[in-house]
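Please look over the sequence and the structure shown below, and keep both at hand while reading this report. The text takes up one residue, then a pocket, a core and a group of charged pairs.

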Amino acid sequence: MEDNYIVNKDFINHPEYDNRVISFTNKQMVDGLTYLREKAKEHNVNEEELGFRVYIGAKYIEDYNQKVDKVKGDMKSIRNEPGIYYTTVFFVATKKSADSDDENDYENVYEIPALNYGGSRRPPKKYEPTLKCQVHNVIH
């Protein structure tokens, strides 16, 4: 899957083009999901109805250009050019839709702010799995 992304987004010829890996520490993930769970309770969303959706977004480089973060390190763009957007992901709390019989139908809970605390590293580490997927019986 990563190889498909690398080829289709032309990272081979343009490795500085965009992020292709978003990383989170264990603490960021656990704290973030705990925050969403607690906020969901405040909005009367029970555990059985709660879900999470991951959106792919783009962060404008000017939002963090020239900054150095204690956890993420140097956050400047590779070419230090203004007007560049880098791919990121953000997490949104969801709840089971009351208007649907579909057990997979969840709606966003817009009263809870989305989370985006991930970071990217350059160059990213290539994903090189050694185990076969239990569903497809191949190495993805």
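In this model, which is predicted, Thr 87 is found in strand S4. Thr 87 counts as buried because its relative accessibility is 16%, and the cut-off for burial is a relative accessible area under 20%. Leaving aside the neighbours within four places in sequence, Thr 87 is in contact with Tyr 5, Asp 18, Asn 19, Ile 22, Ile 56, Gly 57 and Ala 58.

Thr 87 also takes part in the lining of a pocket, the second largest, and is listed with Tyr 5, Asn 19, Arg 20 and Ile 56 as the closest to its centre among the twelve lining residues. The space in this second largest pocket comes to about 220 Å³. Two elements, helix H1 (2-8) and S4, each give two or more residues to the lining. Sorted by class, the lining of the second largest pocket holds six nonpolar, two polar and four charged residues.

Strand S4 appears again in the largest nonpolar core, since S4 (85-96) and helix H2 (26-42) are the elements that give two or more residues to this core. Which residues make up the largest nonpolar core? The nine residues are Leu 36, Ala 40, Val 45, Leu 50, Phe 91, Ala 93, Val 109, Ile 112 and Leu 115. Within this set, Ala 40 touches Val 45, Leu 50 and Ile 112, when residues up to four places away in sequence are not counted. In soluble globular proteins, nonpolar side chains tend to be buried together.

Charged side chains form another part of the picture, and a search of the whole structure finds three salt bridges, which are set out in the table.

| Salt bridge | N to O distance |
|---|---|
| Lys 27 and Asp 31 | 2.6 Å |
| Arg 37 and Glu 47 | 3.0 Å |
| Lys 39 and Glu 42 | 3.4 Å |

Lys 27 and Asp 31 both lie in helix H2, where four residues, about one turn of the helix, set them apart. Lys 27 is exposed, with a relative accessible area of 57%, whereas Asp 31 is partly exposed at 38%. Glu 42 and Lys 39 are separated by about one helical turn because they are three residues apart in helix H2; Glu 42 is exposed at 53%, while Lys 39, at 25%, counts as partly exposed.

The pair of Glu 47 and Arg 37 links distant parts of the chain, with Glu 47 in the loop between H2 and strand S1 (50-60) and Arg 37 in helix H2, ten residues apart. Glu 47 counts as partly exposed at 38% relative accessibility, and Arg 37 is partly exposed, with a relative accessible area of 37%.

Definitions and conventions: Residues are numbered from 1 along each chain as its sequence is written. This is a predicted model: local features need pLDDT of at least 70, side-chain atom pairs count only at pLDDT 80 or more; totals for chains, interfaces and linings use all residues. Side-chain values use heavy atoms; hydrogens and water are left out. A nonpolar core is a set of buried Ala, Val, Leu, Ile, Met, Phe, Trp, Tyr and Cys residues joined through side-chain atoms within 4.5 Å. Buried means under 20% relative accessible area, exposed over 50%, partly exposed in between (1.4 Å probe, protein chains only). Contact means heavy atoms within 4.5 Å. On a 1 Å grid over the protein atoms alone, a cavity is a set of points where a 1.4 Å probe fits but cannot get out, and a pocket is an open set with protein on both sides within 12 Å along at least five of seven lines; lining residues have an atom within 4 Å of a point. Grid points are joined across faces, edges and corners, and a volume is the space filled by probe spheres set on the points. Ala, Val, Leu, Ile, Met, Phe, Trp, Tyr, Cys and Pro count as nonpolar, Asp, Glu, Lys and Arg as charged, and the others, Gly among them, as polar. A salt bridge is a side-chain nitrogen of Lys or Arg within 4 Å of a carboxyl oxygen of Asp or Glu.
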